[in-house]
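Q: Could you take a close look at one part of this structure for me, the aromatic pairs and what surrounds them? I'd like a connected walk-through rather than a list.

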Amino acid sequence: MLAVQLEGSLDIFPLRELIEMVTYSSVTGVLEVYADEHIGRLFFSDGRPYHAVAGDLTGVDAVGRMFEQQHAPFRFVADQVDSQATLWIDPWDLIDRGEDLAAKWIYIHQHVPTVDHIPHLVGTLTQSPV
């Protein structure tokens, strides 16, 4: 049986505050953020983040994806662990980098809605240098 310690929405508890709370509390478990079809998971051991996964992303990139979510539901499940380690960064630096990545991706998504498109050059190299 899962021991859900906390659940809610990022509208009420921003991800920054959740990571800070887990870090200050020195708990072990996983913070799960639900968005679209992906679930972002950030694992902690004694309050230190050590692994993150969101879709096909891991590490800091996964945390950045989680920070993009502003209104997603979340839950913290105590005592859940993972054998992988993809984070070796101070929690405060992780928060700053995650927020920075999210801000950049939010800006990029305004101009490039999906990275599934393959760009191609229009014209020739003699017309304009690349």
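A: Let's start with Trp 92: its relative accessibility is 32%, so it counts as partly exposed, since that class lies between the 20% and 50% cut-offs. Keep in mind that this is a predicted model. Tyr 24 has a relative accessible area of 62%, which makes it exposed.

These two residues belong together, in one of the 3 aromatic pairs that the structure holds. The ring centres of Tyr 24 and Trp 92 sit 5.3 Å apart with the planes at 40°, so this pair is tilted. It also bridges distant parts of the chain, as Tyr 24 is in helix H1 (residues 15–25) and Trp 92 is in helix H3 (residues 91–111), 68 residues apart.

Another tilted pair is made by Phe 43 and Tyr 50, with 6.2 Å from centre to centre and 50° between the planes. Both Phe 43 and Tyr 50 are buried.

Now for the nonpolar surroundings. The largest nonpolar core has 26 residues, and Leu 15, Ile 19, Leu 31, Leu 42 and Leu 87 have the most contacts inside it. Among the elements giving two or more residues to this core are H1, H3, strand E3 (38–45) and strand E4 (48–54). The largest share, 5 residues, comes from H2.

Leu 31 is a handy spot to zoom in on. Leaving aside residues up to four places away in sequence, Leu 31 touches, among others, Leu 15, Leu 18, Ile 19, Leu 42, Phe 44, Met 66, Phe 74 and Phe 76. Its partners also include Gly 40, Arg 41 and Arg 75.

Methods: Residues are numbered from 1 along each chain as its sequence is written. This is a predicted model: local features need pLDDT of at least 70, side-chain atom pairs count only at pLDDT 80 or more; totals for chains, interfaces and linings use all residues. Side-chain values use heavy atoms; hydrogens and water are left out. Rings of Phe, Tyr and Trp (its six-membered ring) pair if their centres lie within 6.5 Å; planes under 30 degrees apart count as stacked, over 60 as edge-to-face and the rest as tilted. Helices (H or I, at least four residues) and strands (E, at least two) are DSSP runs, numbered from the N terminus. Buried means under 20% relative accessible area, exposed over 50%, partly exposed in between (1.4 Å probe, protein chains only). A nonpolar core is a set of buried Ala, Val, Leu, Ile, Met, Phe, Trp, Tyr and Cys residues joined through side-chain atoms within 4.5 Å. Contact means heavy atoms within 4.5 Å.
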